[in-house]
Number of protein chains: 2
Amino acid sequence: MKQETQNNDCSKADLMAVKDALEVLNGRWKLQILIALLNGTKRFKQIAREIDGISDRMLSKELKDLEENQLVVRKVYDAFPPIVEYSTTKHAETLSTVIYALREWGYLHRKKIIGK
Amino acid sequence: MKQETQNNDCSKADLMAVKDALEVLNGRWKLQILIALLNGTKRFKQIAREIDGISDRMLSKELKDLEENQLVVRKVYDAFPPIVEYSTTKHAETLSTVIYALREWGYLHRKKIIGK
DNA sequence: CTGGATCCTCAGGGATACTG
DNA sequence: CAGTATCCCTGAGGATCCAG
């Protein structure tokens, strides 16, 4: 077996970038929330209903995280009952590439493993 | 605000696919390991040295997971000291799209948030 | 060297109740 | 409705020791 000395030439900074991305999208909720919101502006309960199994507490926390990372925008209307709308930023739209890739691979993998 | 009734038309099965993908790639090690192995066949310690912060226990477990998902292949040479080589499968190569997307977005996000 | 076995810690995340 | 506060538990992941 030949040992190439430069076989990881393309993955020093790249690995960092991937790690950065994963750090922002970590947990099992962030991407689901973003997908929901990329489909259009929604209210808190609306998101909660759409994402199966998420608790209010988690949704609240995740939305705050995403807001800090400038991926979602929170807009409060002064009304009763309270109305708060969430939507994605331009920056979040750049994630669609990632989402598409994951979606395609998800299909592929399911076919490979389960539907073999 | 107008409410579209079909604003989530494109994300029922798609969401499932994304969730499937995330389930296979969960944790912070799987993708790093795959990236390392996509760069070439490697031995256990070699991977461990390449991935910063991973413990032997984790690496062992993650490799087993990846093997079960048919993403890596384990090859044992009967020798002393023991030699075990890991490499990626064809199926793992289809992940490169995902990895590229994550890498690109990682760079983009870093520029957006940190280097603004 | 390649890991399995064990023990431990801590953060992710669930359930419930409560406020404005 | 839109959350916050609290309590609790599970499981990811680290450290260490040990065997083939």
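Q: Which atom of DNA strand D is 2.8 Å from an N or O atom in the side chain of A:Arg57?
A: Keep in mind that this is a predicted model. To read such a pair, look at which part of the DNA takes part. Here a base oxygen of DNA strand D is the partner of the A:Arg57 side chain, at 2.8 Å.

Q: Which side chain has an N or O atom 2.4 Å from a phosphate oxygen of DNA strand D?
A: That side chain belongs to A:Ser60. On the other chain, B:Arg28 has a side-chain N or O atom 3.2 Å from a phosphate oxygen of DNA strand D.

Q: What percentage of the atoms of DNA strand D within 4 Å of the protein belong to sugar or phosphate?
A: Sugar or phosphate accounts for 63% of those atoms, and bases supply the rest.

Q: Which residues come nearest to DNA strand D?
A: There are 20 residues around the strand, and the nearest are A:Arg43, A:Ser60, A:Arg74, A:Tyr86 and B:Arg57. By type, the surface near DNA strand D divides into 8 nonpolar, 8 charged and 4 polar residues.

Q: Which element gives the largest share of the surface near DNA strand D?
A: Try tracing the surface back to helices and strands. The largest share, 4 residues, comes from α4(A). Elements supplying at least two residues each are α3 (44-50), α4 (56-68) and β3 (83-88) in chain A, along with α4 (56-68) in chain B.

Q: How many helices and strands does chain A have?
A: Chain A has 6 helices and 3 strands. Followed along the sequence, their order is α-α-β-α-α-β-β-α-α.

Q: What share of the contacts in chain A between residues at least 6 apart in sequence join residues at least 24 apart?
A: The idea is to ask how far along the chain the partners sit. In chain A, 47% of these contacts link residues at least 24 apart.

Q: How many of chain A's residues are buried, as a percentage?
A: Of its 116 residues, 43% are buried. The chain exposes about 6900 Å², with carbon and sulfur atoms supplying 53% of that area.

Q: Is B:His91 buried or exposed, and why?
A: Compare the residue's relative accessible area with the cut-off: under 20% counts as buried. B:His91 is buried because its relative accessible area is 6%. You can find B:His91 in helix α5 (residues 90-93) of chain B.

Q: Which residues is B:His91 in contact with, leaving aside neighbours within four places in sequence?
A: From chain A, the partners are A:Trp105, A:Leu108, A:His109 and A:Lys112. From chain B, they are B:Asn69, B:Gln70 and B:Leu71.

Note on methods
Residues are numbered from 1 along each chain as its sequence is written. Chains are lettered from A and ligands numbered from 1 in the order in which they are written. This is a predicted model: local features need pLDDT of at least 70, side-chain atom pairs count only at pLDDT 80 or more; totals for chains, interfaces and linings use all residues. Side-chain values use heavy atoms; hydrogens and water are left out. A residue is near a molecule or strand if one of its heavy atoms lies within 4 Å of it. A polar contact is a pair of N or O atoms within 3.5 Å; within protein, one must be able to donate a hydrogen and the other to accept it, and residues adjacent in sequence count only if both atoms are side-chain atoms. Ala, Val, Leu, Ile, Met, Phe, Trp, Tyr, Cys and Pro count as nonpolar, Asp, Glu, Lys and Arg as charged, and the others, Gly among them, as polar. Buried means under 20% relative accessible area, exposed over 50%, partly exposed in between (1.4 Å probe, protein chains only). Contact means heavy atoms within 4.5 Å. Accessible areas come from the Shrake-Rupley method with a 1.4 Å probe; for residues, only the protein chains shown count as cover.
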